[in-house]
Amino acid sequence: MEISPYYEKTVNCIHCKKSFSTLKVRTKSIKIEHTASDFQPVYTDNNVNALYYNVFVCQHCGFSFTEDFSKYFAPGVQEQINEKICSHWVPHSFSKERTVLEAIQTYKLALFCATIKKEKFVITSGLALRLAWLYRSIKNDIQEQRFLKLARDHYMESYSTEDYAGTSMSDVRIVYMVAELSRRIGDYENATRFFSRVIESQRVGGEAKLVNMAKEQWELVREERGKIAQ
């Protein structure tokens, strides 16, 4: 008998505390063909995309979150969530297999919730980036560019406030993300500036893989700028 690539996980909503079930993808079912220069995973099996299941949507109150969300709510925030999200929520479950459009809906809900909750910029930038990837997968360039810019702006905020401290994101990786997303949205000035910072980091033992990627992308920026100048 063929084993499903999915399994059910019971999650407790960090807002209303009620439990609900959601699907996750089994690790052994995740097969990545390659990774794009902005770290988008491109899966070999188009039917199984682990990205679709990162967001937990509480079917009871509508609060949407990922494993990266803080469990702390600042004073007054839960009241705002009740007013802006829960009071408008029509009970709806995302506990089954998701289409790309349903996945997009869950990330937009999570980004909205993260904004009201005042999650760190490193969290909101990751949500916006994944929305860009999902739109890229259905070749919606306008929405992809919109969310790439939002992700880039939030990574810049994260870098300036250092709110990524204590997360899996390093200084060099944040700087690389600002540079690569700037390149993708045609902001070559910031792309050049931030790629240069990544390359300079090799003098103090910067992450070799990111330094090499930055060198390759910096060359792309030179080529792209050259085409515009012609």
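This passage describes the fold of the chain as a whole and then the surroundings of selected residues.

The structure is a predicted model. Its chain holds seven helices and six strands. Read from the N terminus, the order of elements is β-β-β-β-β-β-α-α-α-α-α-α-α, so that the six strands precede the helices. The C-alpha trace extends over about 55 × 50 × 35 Å along the principal axes. A radius of gyration of 19 Å was computed for the chain, which agrees with the value near 17 Å that a compact globule of 230 residues would have.

Several totals help to fill in this picture. Of the 230 residues, 48% count as buried. Contacts that link distant parts of the sequence are well represented: when pairs at least 6 residues apart are considered, 62% of the contacts join residues at least 24 apart. The exposed surface of the chain comes to about 12,500 Å², and carbon and sulfur atoms supply 51% of that area. As for charge, there are 32 positive and 28 negative side chains, and 3 Å separates the centres of the two sets.

The interior can be introduced through its largest nonpolar core, which has 74 residues. Within this core, Phe63, Phe65, Tyr155 and Tyr176 touch the most other members. Phe65 offers a helpful view of the packing. Beyond its neighbours within four places in sequence, Phe65 is in contact with Val11, Asn12, Cys13, Ile14 and Phe20, among others. The list of partners of Phe65 also includes Asn54, Val55 and Phe56, as well as Ala110.

A charged residue in the interior comes next. Asp38 sits in the loop that connects strand S3 (32-35) to strand S4 (41-43). Its relative accessibility is 0%, and because buried means under 20%, Asp38 counts as buried. With neighbours up to four places away left aside, the residues touching Asp38 are Leu129, Trp133, Arg136, Leu148, Met177, Glu180, Leu181 and Arg184. One of these, Arg184, is 146 residues from Asp38 in sequence, while the two C-alpha atoms are 9.1 Å apart.

Arg136 and Arg184 also appear around a second acidic residue, Glu144. Glu144 belongs to helix H4 (residues 141-161) and is buried, at 9% relative accessible area. Its contacts, not counting residues up to four places away, are Ala132, Tyr135, Arg136 and Arg184. For Glu144 and Ala132, twelve residues apart in sequence, the C-alpha to C-alpha distance is 4.3 Å.

Helix H3 contributes a further buried residue. Leu134 lies in this helix, and its relative accessibility of 1% makes it count as buried. Outside its close sequence neighbours, Leu134 is in contact with Tyr52, Val100, Ala103, Ile104 and Tyr107. The C-alpha atoms of Leu134 and Leu101 are 8.5 Å from each other, with their positions 33 residues apart along the chain taken as the sequence separation.

Two loop residues deserve a look for their backbone angles. Most residues other than glycine have a negative phi. Lys17, however, has a positive phi near 70 degrees. This residue is placed in the loop between strand S1 (6-12) and strand S2 (19-25), and it counts as exposed at 57% relative accessibility. Lys139 likewise has a positive phi, of about 60 degrees, although it is not a glycine. Lys139 is found in the loop between helix H3 (121-137) and H4. With a relative accessible area of 70%, Lys139 is exposed.

Finally, Ala74 marks the passage from strands to helices, in the loop between strand S6 (64-65) and helix H1 (77-84). Ala74 is partly exposed, its relative accessible area being 27%. Ala74 and Glu97 are 23 residues apart in sequence, and their C-alpha atoms are 33 Å apart in space.

Definitions and conventions: Residues are numbered from 1 along each chain as its sequence is written. This is a predicted model: local features need pLDDT of at least 70, side-chain atom pairs count only at pLDDT 80 or more; totals for chains, interfaces and linings use all residues. Side-chain values use heavy atoms; hydrogens and water are left out. Helices (H or I, at least four residues) and strands (E, at least two) are DSSP runs, numbered from the N terminus. The radius of gyration is taken over C-alpha atoms; the globule rule is 2.2 Å times the number of residues to the power 0.38. Buried means under 20% relative accessible area, exposed over 50%, partly exposed in between (1.4 Å probe, protein chains only). Contact means heavy atoms within 4.5 Å. Accessible areas come from the Shrake-Rupley method with a 1.4 Å probe; for residues, only the protein chains shown count as cover. Lys and Arg count as positive and Asp and Glu as negative; His and the chain ends are not counted. The place of a charge is taken as NZ of Lys, CZ of Arg, CG of Asp or CD of Glu. A nonpolar core is a set of buried Ala, Val, Leu, Ile, Met, Phe, Trp, Tyr and Cys residues joined through side-chain atoms within 4.5 Å.
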